[in-house]
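User: I'd like to go through the labels on this one and see what each rests on. Can you show me the structure before we start?

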Amino acid sequence: MRAAHTRGLPGLLVALMLAALAVVWLPAPGAHAATDVSTVAAALRKGPVYVDPAASGQLSASEADALAAKIKKADKPVFVAVLPADFPTRNLFQNLRTDTGITGLYAVRLGDRFDARADSAVMSRSAVQNLVTSVQGVSDANTQLNAFTDRALANIRGAAPASWGGTSNDGGVSAGALIAIGAVAVLGGAGAYTVVRRNRRRQEAEQQAALERLRVVVDEDITAFGEELDRLDFHPAEAGADDAMRADYERALDAYEQAKSYMGEARRPEDVRPVTQALEEGRFSLAVLAARREGRPVPERRAPCFFDPRHGPSVADATWTPAGGAPREVPVCKADWIRLGDGEEPAVREVETDGGRRPYWDAGAAYGPWAGGYFGGGLLPGLLVGTVLGSVMASPGYGAAYGTGYGDFGGGYDGGDVSGADFDSGDFGGGFGDGGGGGDFGGGF
């Protein structure tokens with residue numbers, strides 16, 4: 001009995017291996033009708049190309065298989081869906097990306113219309129727009145999709161999702177070959193998994209090191225703001241205090257507590273951004289309170305002092321030229337405005353670096369979230385041109401490694417990673433035909 005059982009093991013192993021490979025080597029999906037986005041997303045999680053049965057006249061099964069095989073062979077996260085012209089278009093890209101849950105480039109042929117969106121970790125918005133424009137006038141679906149895919153595969157970052165399995169095969173492979181290929185795939189998969197884990201651990205270690213360096217600077221900021229509150233000597237019940245003053249004071253206290261809470265919960269460098277946002281809000285509230293107590297007009301809302309946000313809200317813009325850079329207008333506090341007017345150097349915020357103390361704008365990418373919270377993404381590019389931090393933020397690597405916006409380290413997802421709904425919705429916005437240039441999910445397909 002035992003011998004018979006032993007002799008049956010090879011057959012069982014073959015059957016198990018064939019079953020596993022059958023799951024991995026799925027043909028390009030498209031055998032069932034898409035009734036909603038979730039159906040399309042489920043198909044794209046299994047393979048790179050989906051053709052709705054109602055749109056099968058645009059792209060044949062063999063053409064879809066060939067396109068899917070090309071994408072799989074390139075090992076890139078490119079998703080292609082061919083849908084009928086009357087498919088619902090409201091928030092189509094946003095919902096498709098959310099439901100699929102995989103970082104990548106998404107192209108949709110809808111009737112005779114075509115558009116695409118991508119996570120900025122794999123391709124910039126301008127690159128997507130250029131690719132879409134280059135094939136916009138092609139009427140034949142197979143020609144258009146292949147041209148778009150060929151150009152996209154040339155510069156897209158990341159790898160194909162693991163859920164696609166291996167490269168497709170049309171059949172004619174012996175059981176022995178399947179077993180051998182399966183064994184190699186298992187070994188290769190294990191090796192790839194090891195590399196991914198190693199890269200992920202390295203990235204996490206780098207982020208933790210950046211966070212700890214930031215923690216010192218942010219704790220100094222929080223302490224400085226707490227000392228300002230202590231020196232304020234304001235009592236809500238004091239003579240002359242009104243409801244507006246008390247509201248300003250409460251906002252400042254709330255900002256202080258929020259900053260401490262946010263920093264206590266920070267786990268990644270980008271978590272620092274709401275901390276400095278809260279501190280900026282608190283300092284402006286103190287400036288408003290001081291004006292009310294002194295009978296002065298309430299100040300306009302301005303960015304904090306560029307040279308050191310601890311100086312409080314700026315009072316004017318002044319011309320400043322960094323070493324080796326071009327002149328630009330920066331927001332400055334009254335004290336630094338006077339210093340610059342007298343030909344003196346401003347009081348610059350310096351931080352520790354491997355090369356000693358340096359101005360924060362020359363301290364590297366880790367200070368992006370810190371500066372982003374104080375100044376906001378829209379203001380930073382012009383302020384930081386010609387500085388180390390500005391150069392890092394302007395590089396493609398910053399967008400891929402540290403997020404899509406100034407001061408945002410991002411979630412650390414690469415092309416092909418499963419991120420679920422954790423992605424920048426702005427990457428998938430805009431109206432149809434602009435490749436996402438509109439940046440507004442309120443627009444349609």
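User: What makes C305 count as buried or exposed?

Analyst: Its relative accessible area is 0%. Buried means under 20% relative accessible area, exposed over 50%, and partly exposed in between (1.4 Å probe, protein chains only). So C305 is buried. Before we go on: this is a predicted model, where local features need pLDDT of at least 70 and side-chain atom pairs count only at pLDDT 80 or more, while totals for chains, interfaces and linings use all residues. Residues are numbered from 1 along each chain as its sequence is written, and side-chain values use heavy atoms, with hydrogens and water left out.

User: How do you know that C333 and C305 aren't bonded?

Analyst: A disulfide is a pair of cysteine sulfur atoms within 2.5 Å. The closest cysteine sulfur to that of C333 is in C305, at 3.7 Å, so it's too far for a bond. A search of the whole structure finds zero disulfides. C333 counts as buried too, at 6% relative accessibility.

User: Why is the contact between R97 and D119 called a salt bridge?

Analyst: The term needs a side-chain nitrogen of Lys or Arg within 4 Å of a carboxyl oxygen of Asp or Glu. For R97 and D119 the closest N and O atoms are 2.8 Å apart, and they form a salt bridge. R97 sits in helix α5 and D119 in the loop between β4 and α6, 22 residues apart; helices (H or I, at least four residues) and strands (E, at least two) are DSSP runs, numbered from the N terminus. R97 is buried at 0%, and D119 is buried at 4%.

User: What parts does the salt bridge of E220 and R349 tie together?

Analyst: E220 lies in helix α8 and R349 in the loop between α11 and β7, so the pair ties together parts that are 129 residues apart in sequence. The closest N and O atoms are 2.9 Å apart. E220 counts as partly exposed at 38%, whereas R349 is buried at 1%. Salt bridges that share partners join E220, D221 and R349 into one network.

User: How do you know that the span of α9 agrees with the expected one?

Analyst: The expected span is 1.5 Å times one less than the number of residues. With 23 residues (243–265), α9 should span 33 Å, and its end C-alpha atoms are 32 Å apart, which agrees. Among its buried residues are M245, Y249 and A252.
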